[in-house]
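Colleague: Please take one part of this model and go through it closely. I would like the pairing of strands in a sheet, in order and with the partners named.

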Amino acid sequence: QLQLVESGGGLVQPGGSLRLSCAASGFNLEPYAIGWFRQAPGKEREWISCISSRGSSRQYADSVKGRFTVSRDNAKNTAYLQMNSLKPEDTAVYYCAIRTSEGIGSCFSPEETDFGSWGQGAQVTVSS
């Protein structure tokens, strides 16, 4: 069974850092681009980052650019989202997913509908 499991969420003060992990089980993550999304209370889920299958292409939403860094370790079948300089508006449930549409290894024009096998989500709360 294809499964992604996020971990590393928690409560952090503004300006702090967290690193989320997205571990795959039951399948090899390597062929797939990985997308990171988040959903804040009362808001729709939004795309925030994507990393291509080999890690050569990384994309970020403007809201996180310069503060978040996406990476992957295919040998460990895991992707990561390093989040620095966190702000209260970063509070959300964070999800990872694999690209399931055409061009599964690419981050070309990522849309939520291009991704599947969603993880259960990791809560990130930024508050003093």
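Modeller: The model is a predicted one. In the sheet, β1 and β3 run antiparallel and are joined by 5 bridges. One contact between these two strands pairs Val5 with Ala23 of β3. On from there, β3 (residues 18-25) is joined to β8 (residues 78-83) by 6 bridges, again in antiparallel fashion. Two positions show how β3 and β8 line up: Cys22 has Ala79 of β8 as its bridge partner, and Ser21 stands opposite Tyr80 in β8.

Taken as a whole, the sheet is open and has 4 strands, in the order β1-β3-β8-β7, with antiparallel pairing. The edges are held by β1 (3-7) and β7 (68-73); each has a single partner strand, so one side of each has no neighbour in the sheet. From one strand to the next, the twist averages 15°.

Elsewhere in the chain, aromatic rings can be described in a similar way. The model has 4 aromatic pairs. In one of them, the ring centres of Tyr95 and Trp118 are 6.4 Å apart and the planes stand at 85°; the pair is therefore edge-to-face, as that angle is over 60 degrees. Tyr95 belongs to strand β9 (residues 92-99), while Trp118 is in the loop between β10 (115-116) and β11 (122-126), 23 residues apart. Tyr95 is buried, at 14% relative accessibility, and Trp118 is partly exposed, at 25%. Ring pairs also tie Phe37 and Phe115 into a cluster with Tyr95 and Trp118. Arg45 has its charged end over the ring of Tyr95, 4.9 Å from the centre, and Arg45 also lies over the face of Trp118, 3.7 Å from that ring centre.

Technical notes
Residues are numbered from 1 along each chain as its sequence is written. This is a predicted model: local features need pLDDT of at least 70, side-chain atom pairs count only at pLDDT 80 or more; totals for chains, interfaces and linings use all residues. Side-chain values use heavy atoms; hydrogens and water are left out. Two strands pair if DSSP finds at least two bridges between them. Axes are lines fitted to C-alpha atoms, for helices over the stretch in contact, and angles run from 0 to 180 degrees between N-to-C directions. Rings of Phe, Tyr and Trp (its six-membered ring) pair if their centres lie within 6.5 Å; planes under 30 degrees apart count as stacked, over 60 as edge-to-face and the rest as tilted. Buried means under 20% relative accessible area, exposed over 50%, partly exposed in between (1.4 Å probe, protein chains only). A charge sits over a ring if NZ of Lys or CZ of Arg is within 6 Å of the ring centre and within 35 degrees of the ring normal.
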